[in-house]
Amino acid sequence: KFRSEVGTCSEWSGILDPGYSCGGDDKDSAWKAYAGYEFNRYVAVEAGFAKLGEQSETASGTVSLFPATIRRERRVWTVTGALVGSLPITRAFGVTARLGMAYWNEEISVDASDSVGSQTTTGAGPAYGIGLLYGFNRNAGVRVEWERFSDVGDDAHASDVDLVTVGVVYRY
């Protein structure tokens, strides 16, 4: 599940006349894929790709008495690298923690009545998370994990992106 902060809509006050309305959707489904190498049962490295989802925001009002609607969409994906620590609690159950970097790409498109524009921004920032691992057997298991990707986006739209995933782990 993708969750991040959307603007407060206050940035539209310089464009739309007073009394405009604004709303948004900052939740979307996301997915990730990763591969790694386990040095031992406590330490591993992982590299991955995540599509962090999409946000949308719509503002409606007037500009010099003419009706206007502004719609902004934000799409984010990232490539990650992390050091992953594991702490086995029982033979089948364990806790994981990760610390690494995320290299992100953000696409923002704005549709303002009759004009359309877009912007692509790239950057990097810290990524970290915690999770629970349950092993069905030596090779297969399931991992539930929370991850945070910090300061994703250009300066005007930067936010932390939280991602909660449930995934299958396969070791060979």
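In which strand does Asp-151 lie? Keep that question in mind as you move through this predicted model; the answer comes at the last stop.

**Start with the whole chain**

Colour by confidence to begin. The protein averages a pLDDT of 84, and 87% of the residues score at least 70. Then select residues 1-7, where the pLDDT is below 50. Beyond near neighbours in sequence, this stretch has 35 contacts in the model, but read them with that score in mind.

Now switch to a cartoon. You will find ten strands and zero helices, so to speak a run of β-β-β-β-β-β-β-β-β-β from the N terminus on. Of the 172 residues, 34% count as buried. Among contacts between residues at least 6 apart in sequence, 58% join residues at least 24 apart. Turn on the surface as well: the protein exposes about 10000 Å², with carbon and sulfur atoms supplying 59% of it.

**Into the core**

Hide the surface and select Ala-50, Leu-52, Val-76, Ala-102, Trp-104, Ala-127, Phe-149, Val-152, Val-161 and Leu-163. These ten residues make up the largest nonpolar core. Four strands each supply at least two residues of this core: β5 (43-63), β7 (93-112), β9 (140-152) and β10 (159-170).

**Aromatic stops**

Next, show the rings of Phe, Tyr and Trp. The whole structure holds six aromatic pairs. Select Tyr-37 and Phe-39 and look along one ring: the centres are 5.0 Å apart and the planes stand at 80 degrees, so this pair is edge-to-face. Phe-39 counts as exposed, at 51% relative accessibility, because the cut-off for exposed is over 50%.

Travel on to Tyr-170 and Tyr-172. Here the ring centres are 6.0 Å apart with the planes at 25 degrees, which makes the pair stacked. Both partners are exposed: Tyr-170 has a relative accessible area of 55%, and Tyr-172 has one of 90%.

For one more aromatic view, select Trp-31, Phe-49 and Trp-77, which form one cluster.

**Last stop: Asp-151**

Back to the opening question. Select Asp-151 and you are in strand β9, one of the strands that supply the core you visited earlier. Is Asp-151 itself buried or exposed? Asp-151 is exposed, with a relative accessible area of 51%. Check the backbone here too: Asp-151 has a positive phi of about 50 degrees, although it is not a glycine. Its sequence neighbour Val-152 is a member of the largest nonpolar core, so keep both side chains on screen as you finish the tour.

Definitions and conventions: Residues numbered from 1 in each chain as written. Heavy atoms only, no water. pLDDT = per-residue confidence, 0-100. Contact = heavy atoms within 4.5 Å. Phe/Tyr/Trp six-rings, centres within 6.5 Å; stacked < 30°, edge-to-face > 60°. Buried < 20%, exposed > 50% of the residue type's maximum accessible area, 1.4 Å probe, protein only. Core = buried A, V, L, I, M, F, W, Y, C linked by side-chain atoms within 4.5 Å. Areas by Shrake-Rupley, 256 points an atom, 1.4 Å probe, with all protein chains shown as cover.
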